[in-house]
Amino acid sequence: MADQYPPLLSDLVSRLDSPSDRRTFITRAGLLSLAIPGVGAALSACSPNGVLSDSTKARPGETHDTGAHTPPDTGASHSRVHNSDSRLDSAVLKGEHRAANSATGSATQGASSVTYQRYAPELPPLPPGGTQSLHWHAREVPIRLSDDTVLAAWTFEGQFPAPIVHTRVGDTVEFTLTNDADIPHSMDFHAAQIDPKNAFRSVAKGQSVTFTFKPKWAGAFMYHCGTAPVLMHIGAGMHGAIIVSPREPMPAAKEFVLVQSELYLDDVKGGTQASNYQKMLTTSPDLVVFNGRPNQYIKDPIRVKVGDRVRFWVVSAGPQHPCNFHVVGEQFDTVYLGAPPNSAIRGVQTFAVPPGGGMCFELVCDIAGEFPFVNHGFGHGQKGAIGILQVE
Ligand SMILES: [Cu+2]
């Protein structure tokens, strides 16, 4: 019954809250990855020695004959969609990583003992002064997503999604990334206007990159690792949100940040799941999550009071799909199409945040109740992109 549209909300919530149903779903998801025919063959055909062919060796000014690397058509739909010269990483290091999934390096170490932690959705306060310095590390660590599932994640700061950054138009962000992992990583802030060839370049293990920027526009912006293949690095967990507040004050509100991510999973060992690159190319995720854990704000809702104005800063990290953001039983009195507080539109039911994008949504809680916030693309809501705004 709950698979029919529209589901009864009470059914949906109780079903998602059931450990046995979640276990069934994850098991099914794991079996699905094993059952996709031709994946292993396609991978080895794409990449001699099992190396991902999207880990381009291109240097600025060089060109490659992409045709020479086109794999034979195995019948799998993804076999024709590689783009080994995408140059999404403008300064690729020598050497290619050999990961078909994210269970690399230390990403599974101690997985069985990792504890579940709710991801705090509250927008952190602005740091004092006009400059903040961040020194982050790229690390491979296991992250518990639920009772049943641990993700072998590639991360910034050991967190999935990575920490929320809060700054203001015209303030300064001094950023350093040090890479603790064996494979190259990098950082690309969508809130920065900067030479990507230098600032967003990949760094090898033990090396660092430092850059400084001043955001020009207010809004909710994505950041992510941009190392090729960028699809793999975003999809394996290396992304988060930077919220840029305007200099002019906005209406007082309870402010929350939601990062929507898709997960494409392999069952690598006893309950540990890894992000699978070939499944990412199919664009059909196993889980779609707000702030990294399926249904976490159903288990532990976001709580506000009657009369509160609520501001959601929503980033769709993708890597492929939008977040069709909607709050059941509410209407947004304001959605900012451009930099807040400009370009406001009124009286909105649902608005799509594109992958790689972010938007600001506001509503006023006039009455008490439990208001589900969802990706109204309900296939993705059903896969975990749902939570409860509890108004007390
Ligand atoms: Cu990376």
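Start with the cysteines: in this predicted model the structure holds zero disulfides. Select Cys-360 and then Cys-365, and both turn out to be covered: Cys-360 is buried with a relative accessible area of 2%, and Cys-365 is buried with a relative accessible area of 0%.

Next, colour the chain by pLDDT. The mean over the protein chain is 81, and 75% of the residues reach 70 or more. Select residues 1-97, where the pLDDT is below 50, although the stretch has 139 contacts in the model beyond near neighbours in sequence. Where pLDDT is low, the predicted coordinates should not be read in detail.

Now move to strand S8, residues 239-245, which is mostly covered, with seven of its seven residues buried. Show the side chains, and His-239, Ala-241, Ile-243 and Ser-245 point one way from S8, while Gly-240, Ile-242 and Val-244 point the other way, all of them buried. In a regular strand the side chains alternate between the two faces of the sheet.

With S8 still displayed, add its partners. Strand S3, residues 165-168, runs parallel to S8 and is joined to it by four bridges; within this pairing, Val-165 stands opposite Ile-242 of S8. Strand S7, residues 219-224, pairs with S8 in the antiparallel sense over six bridges, and here Ala-220 has Ile-243 of S8 as its bridge partner.

From S3 and S8, step into the loops to find Asp-171. Which two arginines does Asp-171 meet in salt bridges? One is Arg-168, at 3.5 Å from N to O, and another is Arg-247, at 3.2 Å from N to O. Asp-171 lies in the loop between S3 and strand S4 (172-179), whereas Arg-247 lies in the loop between S8 and strand S9 (254-263), so the pair ties together parts that are 76 residues apart in sequence. Asp-171 counts as buried at 8% relative accessibility, because that value falls under the 20% cut-off. Its two partners count as partly exposed, Arg-168 with a relative accessible area of 23% and Arg-247 at 45% relative accessibility.

Follow S4 onward to another salt bridge, the one between Lys-205 and Asp-182, whose closest N and O atoms are 2.9 Å apart. Lys-205 is in the loop between helix H4 (196-199) and strand S6 (208-213), and Asp-182 is in the loop between S4 and strand S5 (188-189), so this pair ties together parts that are 23 residues apart in sequence. Are these two residues buried or exposed? Both Lys-205 and Asp-182 are exposed.

To see salt bridges that share partners, select Glu-255, Arg-309, Arg-311, Asp-333 and Glu-362 together, since they are joined into one network. Across the structure there are 11 salt bridges.

The last stop is an open sheet of five strands with mixed pairing, in the order S13-S21-S20-S15-S18. Its edge strands are S13 (302-304) and S18 (350-353), each of which pairs on one side only, and the twist from one strand to the next averages 20°. Inside this sheet, select strand S15 (residues 323-327) and strand S20 (residues 369-375), which run antiparallel and are joined by three bridges. To finish, pick His-326 and look across to S20, where its bridge partner is Val-374.

Methods
Residues numbered from 1 in each chain as written. Predicted model: local features only at pLDDT ≥ 70, side-chain atom pairs only at ≥ 80, totals over all residues. Heavy atoms only, no water. Disulfide = S-S within 2.5 Å. Buried < 20%, exposed > 50% of the residue type's maximum accessible area, 1.4 Å probe, protein only. pLDDT = per-residue confidence, 0-100. Contact = heavy atoms within 4.5 Å. Helix = DSSP H or I, 4+ residues; strand = E, 2+ residues; numbered from the N terminus. Pairing = 2+ DSSP bridges. Axes fitted to C-alpha atoms, helices over the stretch in contact; angles between N-to-C directions. Salt bridge = Lys/Arg side-chain N within 4 Å of Asp/Glu carboxyl O.
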